[in-house]
Amino acid sequence: MKLGFISSILDTSSFEEVIDTAAALGYECVEVACWPKEKAARRYAGITHIDIEALTDEKIASIHETCLKKNVAISALAYYPNTLTDDLPQRQKAVDHLKAMIEAAPKLHVDTVTTFIGRVQNLTVEENLEIFKEVWTPIIRFAEEHKVKIAIENCPMLFGPDQWPGGQNLMTTPAIWRRAFQMIPSDFFGLNYDPSHFVWQQIDYIKPLYEFKDKIFHVHYKDIKVYPDKLDDVGIMAYPLDFMSPKLPGLGDVDWGKYVSALTDIGYDGYTCIEIEDKAFEGSPERILDALRISYRYMRQFVI
């Protein structure tokens with residue numbers, strides 16, 4: 001396994017600066033944010049470290065040279081929109097950008113795109129699955145043509161009132177994964193597995209690794225801390241941020257030894273990337289670097 005981080009946390013850095021930082025801290029790979037250059041509505045979104053729409057042969061060569069010089073690989077091209085939004089023009093923009101990323105990936109020597117399925121948050125799971133099949137079948141077929149794997153993160157995108165009631169990403173549980181993979185069977189359609197999202201949903205985050213071992217294309221390391229006193233006060237039907245908080249690996253409730261052990265059990269030897277979303281480390285650029293240093297030092301005891 002190679003250890004890296006998702007580049008969104010270095011939102012003011014250029015691609016070259018991101019790779020320089022990764023190399024200086026000892027990381028071996030970076031999941032590179034590739035959002036379109038437009039204002040985003042939420043934190044950690046709208047970050048563009050590779051501008052897909054502006055790629056030229058010269059820029060591609062420069063990206064290759066930078067990665068080679070620093071010995072840092074690109075684990076995946078990352079873009080996490082709501083691809084099933086009921087805002088149809090926005091849906092089309094998201095789909096078009098995903099397809100542009102799929103086309104660009106082989107030119108960048110990258111074989112994986114990380115993203116969300118999306119969801120119409122006011123519709124049922126069953127209704128969303130039908131929309132998913134319609135929207136995503138051509139995307140997956142397009143990915144197959146280009147030999148690019150699509151890795152869906154299992155984040156519910158349900159944190160506060162803006163995403164209520166159903167959240168903005170359908171691929172949130174093993175039960176839904178089974179249905180989605182049956183509806184669109186493909187060797188290029190799989191998961192970007194993040195255990196933290198199962199912690200606050202009260203789902204076993206180890207067991208699904210074994211069932212879905214052939215569908216795990218990319219791995220995230222992000223922790224979650226559930227506050228029992230807050231949960232006792234608001235209950236599990238509250239907005240999740242009312243009783244939990246994202247943390248650096250090792251500062252929350254995930255047992256990282258068991259998690260990485262399970263990854264080795266199933267023979268996973270791909271890219272693994274730390275995702276920094278801990279508000280305690282967002283006060284300054286130096287604190288962000290502290291977060292990357294601390295997370296690297298902690299995860300290195302498991303990922304050699």
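User: Where in the chain does His109 lie?
Analyst: This is a predicted model, and in it His109 lies in the loop between α3 and β4 (112–115).

User: What is phi for His109?
Analyst: His109 has a positive phi of about 60°, although it is not a glycine.

User: And why does His109 count as exposed?
Analyst: The cut-off for exposed is over 50% relative accessible area. His109 comes in at 66%, so it counts as exposed.

User: Which loop holds Met157, and what is its phi?
Analyst: Met157 lies in the loop between β5 and α5. Its phi is near 50°, again a positive value in a residue other than glycine.

User: Is Met157 buried or exposed, and what makes it so?
Analyst: Buried. Its relative accessible area is 6%, and the cut-off for buried is under 20%, so the label follows.

User: What is the peptide bond from Trp164 to Pro165 like?
Analyst: That one is cis, with omega near 5°. Pro165 sits in the loop between β5 (149–153) and α5 (174–183).

User: Let's turn to Asn82. Why is Asn82 called buried?
Analyst: Asn82 has a relative accessible area of 17%. Buried means under 20%, so Asn82 makes the cut. As for its place, Asn82 is in the loop between β3 (73–78) and α3 (88–107).

User: What does the side chain of Asn82 reach?
Analyst: One target is the backbone nitrogen of Thr85, at 3.2 Å. In addition, the backbone nitrogen of Arg119 lies 2.8 Å from a polar atom of the Asn82 side chain. The limit for a polar contact is 3.5 Å, so both distances fall within it.

User: Which residues does Asn82 touch, once those up to four places away in sequence are set aside?
Analyst: Gly118, Arg119 and Gln168. As for Thr115, it is 33 residues from Asn82 in sequence, yet their C-alpha atoms are 9.1 Å apart in space.

User: How many disulfides does the structure hold?
Analyst: Zero. Cys67 is in no disulfide, and the nearest cysteine sulfur, that of Cys29, is 11 Å away.

User: Why is there no bond from Cys273 to Cys29?
Analyst: The Cys273 sulfur is 4.0 Å from the one in Cys29, its closest cysteine sulfur. A disulfide needs the two sulfur atoms within 2.5 Å, so this pair is too far for a bond.

User: Why do Cys67 and Cys273 count as buried?
Analyst: Relative accessibility is 13% for Cys67 and 0% for Cys273. The cut-off is under 20%, so both count as buried.

User: What makes β1 and β10 a pair?
Analyst: Pairing takes at least two bridges. Strand β1 (residues 2–6) and strand β10 (residues 271–274) run parallel and are joined by four, so they pair. In that pairing, Leu3 has Thr272 of β10 as its bridge partner.

User: How many bridges join β7 to β10?
Analyst: Three, and strand β7 (residues 216–221) runs parallel to β10. With at least two needed, β7 and β10 therefore pair as well. Tyr221 stands opposite Ile274 in β10.

User: Which residues have the most contacts inside the largest nonpolar core?
Analyst: Tyr221 is one of them, along with Ile50, Leu77, Phe132, Trp136, Phe189 and Tyr259, in a core of 103 residues. Helix α4 (residues 125–146) gives this core its largest share, nine residues.

User: What is Leu77 in contact with, leaving aside neighbours within four places?
Analyst: Its contacts include Val32, Ile50, Met101, Leu108, Val113 and Thr114.

User: Why is Thr114 called buried?
Analyst: Its relative accessible area is 0%, and buried means under 20%, so Thr114 qualifies. Thr114 is in strand β4. Its side chain makes a polar contact with that of Glu31, at 2.6 Å. Thr114 also touches Ala151, Asn192 and His218, among others.

User: Stepping back, how many helices and strands does the protein have?
Analyst: 10 helices and 10 strands.

User: And why call the protein as compact as a globular one of its length?
Analyst: The radius of gyration is 18 Å, and the globule rule gives 19 Å for 304 residues; the two are close, so the description holds. Of those 304 residues, 55% count as buried.

Methods:
Residues numbered from 1 in each chain as written. Predicted model: local features only at pLDDT ≥ 70, side-chain atom pairs only at ≥ 80, totals over all residues. Heavy atoms only, no water. Buried < 20%, exposed > 50% of the residue type's maximum accessible area, 1.4 Å probe, protein only. Contact = heavy atoms within 4.5 Å. Polar contact = N/O pair within 3.5 Å; in protein donor to acceptor, adjacent residues only side chain to side chain. Core = buried A, V, L, I, M, F, W, Y, C linked by side-chain atoms within 4.5 Å. Rg over C-alpha atoms; globule rule 2.2 N^0.38 Å.
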